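The following exercises concern a single structure and are to be solved with its sequence and its coordinates at hand. Each task is followed by a solution that proceeds step by step.

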Amino acid sequence: MHKIIERTDVAPDTVMFRIEAPMVARKAQPGHFVIIRIDDDGERIPLSLAEWHREDGWIRLIVQGVGYTTKRLNAMTVGDALLDVVGPLGRRTELPENDTLVVIGGGYGAGAVLPNAREARAQGRRVIGIIGARTKDLVLVEDDMRSICDDTYITTNDGSYGIKGFVTHALEPLLETETIGAILAVGPVPMMRAVSDLTREKQIPTIVSLNAVMVDGTGMCGGCRVTVGGETKFACFHGPDFDGHQVNYDELVLRQKMYAAQEKAALDHSCKIDEQVATLT
Amino acid sequence: MTSANPLTPKERMQVPRQQMPEQDAQDRVRNFTEVPLGLTPDMAMLEARRCLECRKPTCMSGCPVGVDIPAFLTLIVEGKFVEAAWKIKETNILPAICGRVCPQDEQCEKLCLVGKKKHPIGIGMLERFVADYERSTGEVRIPNVGEPTGCKVAVVGSGPAGLTAAFELAKRGHTVTIFEALHRPGGVLFYGIPRFRLPAEVIEAEIDVLKQMGVEIILNAPVGKVVTIDELLNEEGCDAIFVGTGAGLPWFTNLPGENLNGIYSANEYLTRINLMRADQFPNNATPVYCGQRVAVIGAGNTAMDAARVSLRMSPEEVHIFYRRTRNEAPARTEELEHAIQEGVQFHWLTAPTRFIGDDNYFVKQIEVQKMELGEPDASGRRRPVPIPGSEEVYDVDTVVLALGFGVNPLITDSTPEIETNKWGVVQVNKETGETSKEGVFAAGDVITGGATVILAMGQARTAALGLHNWLIERKGLDMPVEATALEAV
Ligand SMILES: Cc1cc2nc3c(=O)[nH]c(=O)nc-3n(C[C@H](O)[C@H](O)[C@H](O)COP(=O)(O)OP(=O)(O)OC[C@H]3O[C@@H](n4cnc5c(N)ncnc54)[C@H](O)[C@@H]3O)c2cc1C
Ligand SMILES: Cc1cc2nc3c(=O)[nH]c(=O)nc-3n(C[C@H](O)[C@H](O)[C@H](O)COP(=O)(O)OP(=O)(O)OC[C@H]3O[C@@H](n4cnc5c(N)ncnc54)[C@H](O)[C@@H]3O)c2cc1C
Ligand code: SF4
Ligand code: SF4
Ligand code: FES
């Protein structure tokens with residue numbers, strides 16, 4: 001069992017957890033993820049590592065409640081425990097080792113890019129951070145990002161905080177003023193696609209982390225297959241990081257919707273159970 | 001020896017083979033409860049009496065682990081069911097499992113003398129019967145564990161190969177820790193083979209014996225990620241490693257449209273249902289997409305399991321497409337017959353050519369082509385050749401690809417000194433099971449690229465003894481070196 005040792009509500013429906021997972025913490029590298037299962041009836045879902053502590057044996061996760069499992073997870077409190085935490089899974093991020101690194105995070109991706117930002121910073125590289133959100137309340141890990149990066153930009157779609165617009169609005173001017181060695185973008189597919197479209201022509205190496213639907217996370221099922229450069233790859237095993245310029249994003253978006261109908265059924269089902277519980281108490 | 005068998009050899013030949021009662025096909029396609037119901041003690045004794053107690057029992061040379069078949073059959077005749085189970089367990093620690101899933105018609109039963117004239121002795125169902133009988137007494141005997149040797153061995157993978165190796169090593173006094181990538185032990189036995197063929201409690205009971213022998217099982221621990229082989233040897237104090245990681249890498253077709261939603265590898269489809277219990281969705285949180293018309297590609301055990309699992313998800317139709325004929329189908333005969341009884345529709349000499357999707361990227365049709373059999377290929381089977389212009393289209397909403405497996409590279413990527421062939425299959429010394437990396441031994445599907453439970457177990461026994469002998473030499477243990485090679489099958 002993996003105890004929750006800290007829980008912080010960082011935005012509506014978004015929770016940051018510190019969880020006991022010594023085996024994961026011991027081997028974690030930037031770009032890795034874990035697969036968790038809450039209990040014996042639970043689904044296995046992948047979550048990125050935002051931070052870890054090798055000696056104290058914990059990992060940090062940022063969870064956006066989008067469906068049945070993530071919402072259940074976000075209802076858990078300090079002292080509760082997860083049944084399974086498997087990892088670290090995936091390959092570590094490989095970034096070209098020169099010039100400025102720009103890390104771009106949307107949603108939970110803002111946390112997922114932190115380990116690479118930290119590592120690049122420790123190597124003495126210039127690091128620029130961009131956090132994108134729909135609105136001010138949803139901006140995640142701003143303090144972490146500011147403490148790591150040389151410069152940090154925030155964008156909000158509604159202009160309630162930072163630059164109005166998308167992460168690309170912050171990135172575009174940087175392409176003119178900075179010598180960028182690599183870009184790491186993690187977040188919703190439209191964001192990763194927009195960033196890749198912007199940097200393709202200039203041939204700036206752009207790495208994205210693909211959040212395909214997964215089961216085992218070790219290359220055993222092929223459920224996470226994505227098309228990159230015209231070839232089928234397993235996101236969990238060959239990735240999750242890939243060359244953003246080569247990814248078939250259309251397919252990824254459509255494959256993420258494979259269980260849309262069932263996901264709705266699961267949520268409705270759990271709402272009914274909640275109602276039943278409510279009438280009993 | 002005076003036999004307890006009241007029948008003369010001639011009379012024995014007259015007794016027909018007992019038929020194991022089964023759930024009716026109409027009922028069973030609506031549940032995940034086991035299909036065969038098991039023999040009664042009377043039926044078991046009658047069936048065992050059919051054995052001629054051959055002085056040279058040919059049946060035994062068909063068993064990859066050398067079960068003393070006539071001996072255990074005689075014990076059944078004498079009504080000593082528990083003793084019969086122990087007899088089997090001298091060489092096979094998973095009798096309740098093997099009795100259910102061994103391809104007996106290709107192995108022990110194929111070589112049974114009675115089978116030359118009549119139906120062979122039902123060795124598999126009797127093996128199952130005595131193992132179940134022992135379990136039903138509530139007291140399963142735990143094999144003796146030898147004096148501790150002080151040696152520590154890591155076993156990677158908890159499929160039949162890993163479980164067998166752990167058993168052989170623990171029995172000889174070594175401290176054994178199993179590392180398993182998934183959250184349940186058992187390998188394909190658990191995530192691949194459905195519960196109506198192999199109930200969970202059967203697997204759990206056989207694994208429990210190992211735990212009681214002191215074997216530790218660490219779940220959620222994919223080796224190569226959580227810890228590497230080198231770290232196990234150099235930092236975690238392991239003296240040797242046994243690798244039994246199976247052949248879990250699903251093959252795809254590379255045909256157009258293969259990544260459409262609704263197209264699964266058999267591994268994913270079966271894992272979602274057998275391991276994650278997607279059939280219980282939404283009470284279990286894992287979904288599976290099983291539509292009204294399911295197409296399964298392939299005709300091995302995996303394909304039969306995928307088709308029969310699909311039936312239990314209540315679609316309108318389940319089809320199997322296979323590019324050769326029924327004669328070449330690699331599935332166990334019993335599985336094929338069960339699939340036919342349950343209403344799976346077979347299309348022999350038919351192979352897919354592409355998958356066609358709808359606007360939401362879900363598969364809606366499969367295009368197939370008729371084949372004819374040409375010249376034999378390297379495997380000796382006649383090669384299927386497409387017939388031009390024979391394309392047909394079927395409406396489907398779920399497709400399951402059961403095309404076979406490659407070897408998962410998690411271990412070999414992180415330990416490149418372990419040599420593989422060009423398909424990633426780990427190469428070993430056949431006598432000892434040792435890989436090209438010293439102190440690392442391997443067996444099971446990881447060295448064959450996919451075979452059977454009992455073959456994996458036979459190889460695991462060889463490799464465990466190879467590992468044991470290696471430890472004796474390395475650590476100067478005061479123990480006799482043991483012969484490893486089993487009679488070839
Ligand atoms: C490598 C990787 C790392 C990830 N890291 C994080 C993380 O750090 N924090 C976090 O909150 N989420 C992360 N995700 C996404 C997370 O796994 C999904 O949100 C989760 O599986 C949804 O499960 P659910 O039962 O809550 O929702 P569901 O009911 O299953 O789905 C709800 C919605 O989420 C979408 N969805 C389903 N599965 C995925 C998926 N795998 N990726 C993206 N969208 C999905 C569906 O299309 C649906 O619209 C990561 C995914 C991957 C593959
Ligand atoms: C659907 C299906 C039906 C079958 N039906 C039959 C049948 O009826 N009869 C029969 O005889 N055979 C059958 N087979 C074949 C048989 O199951 C296999 O030959 C047998 O299970 C191989 O055993 P194994 O121990 O080598 O590997 P597996 O059973 O594959 O076990 C390997 C284990 O290692 C784990 N693992 C993998 N990599 C790592 C890692 N890096 N670290 C830690 N753990 C790891 C896996 O999770 C798995 O649990 C079937 C196979 C399938 C897929
Ligand atoms: S283990 Fe399998 S092959 Fe051997 S006797 Fe039993 S059923 Fe036959
Ligand atoms: S070959 Fe058949 S008849 Fe002879 S000992 Fe074996 S099971 Fe009995
Ligand atoms: S999640 Fe199963 S292969 Fe990637």
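**Exercise 1. The shell around ligand 4**

Which helices of chain B each supply at least two residues of the shell around ligand 4?

Solution. The model is a predicted one. Step 1: list the shell. Ligand 4 is surrounded by residues of chain B that include Cys51(B), Cys54(B), Cys59(B) and Cys112(B). Leu52(B), Pro57(B), Thr58(B), Pro70(B), Leu73(B), Leu113(B), Val114(B) and Ile121(B) also belong to this shell.

Step 2: assign the residues to elements. At least two residues of the shell come from each of α4 (58–61) and α5 (69–77) of chain B.

Step 3: sort by class. The shell around ligand 4 holds 11 nonpolar residues and one polar residue, and no charged residue.

**Exercise 2. The surroundings of ligand 2**

State how many residues surround ligand 2, and identify polar atoms of chain B that lie at a short list of distances from the ligand's oxygen atoms.

Solution. Step 1: count the neighbours. Ligand 2 is surrounded by 37 residues, and the closest are Val101(B), Ala161(B), Glu180(B), Arg197(B) and Val223(B).

Step 2: examine the backbone. Ala161(B) places a backbone N or O atom 2.8 Å from an oxygen atom of ligand 2. A polar backbone atom of Asp445(B) is 2.9 Å from an oxygen atom of the ligand.

Step 3: examine the side chains. In Arg197(B), an N or O atom of the side chain lies 2.9 Å from an oxygen atom of ligand 2.

**Exercise 3. The interface of chain B and chain A**

Describe the interface of chain B and chain A by its contacts, its buried area and its salt bridges.

Solution. Step 1: count the residues. Contact joins 47 residues of chain B to 43 residues of chain A.

Step 2: consider the area. The size of an interface is often expressed as the accessible area that is lost when the parts come together. Here about 3800 Å² is buried between chain B and chain A, and carbon and sulfur atoms give 55% of it. On the side of chain B, the residues that lose the most area to chain A are Lys225(B), Val226(B) and Asn259(B), together 16% of what that side buries.

Step 3: consider the polar terms. Three salt bridges are found across this interface. Asp413(B) and Arg91(A) form a salt bridge, with their closest N and O atoms 3.5 Å apart. Between the two chains there are 22 residue pairs in polar contact.

Step 4: locate the elements. On the side of chain B that touches chain A, β5 (249–250), β6 (263–265), α13 (266–275) and α16 (410–414) of chain B give two or more residues. The most come from α13(B), with four residues. By class, this side of chain B has 25 nonpolar, 15 polar and seven charged residues.

**Exercise 4. The two domains of chain A**

Where do the domains of chain A begin and end, and how do they meet?

Solution. Step 1: set the bounds. Chain A is divided into domain 1 (2–89) and domain 2 (100–256), and the C-alpha centres of these domains of chain A lie 20 Å apart. Their contact takes 20 residues from domain 1 and 22 residues from domain 2.

Step 2: take the area. About 1700 Å² is buried between these two domains of chain A, of which carbon and sulfur atoms give 62%.

Step 3: find the charged pairs. The count between the domains is two salt bridges. The side chains of Arg60(A) and Asp144(A) meet in a salt bridge, at 3.1 Å from N to O.

Key
Residues are numbered from 1 along each chain as its sequence is written. Chains are lettered from A and ligands numbered from 1 in the order in which they are written. This is a predicted model: local features need pLDDT of at least 70, side-chain atom pairs count only at pLDDT 80 or more; totals for chains, interfaces and linings use all residues. Side-chain values use heavy atoms; hydrogens and water are left out. Contact means heavy atoms within 4.5 Å. Buried area is the accessible area (1.4 Å probe) that two parts lose on being put together, summed over both. A salt bridge is a side-chain nitrogen of Lys or Arg within 4 Å of a carboxyl oxygen of Asp or Glu. A polar contact is a pair of N or O atoms within 3.5 Å; within protein, one must be able to donate a hydrogen and the other to accept it, and residues adjacent in sequence count only if both atoms are side-chain atoms. Ala, Val, Leu, Ile, Met, Phe, Trp, Tyr, Cys and Pro count as nonpolar, Asp, Glu, Lys and Arg as charged, and the others, Gly among them, as polar. Domain bounds come from an automatic or database domain assignment. A residue is near a molecule or strand if one of its heavy atoms lies within 4 Å of it.
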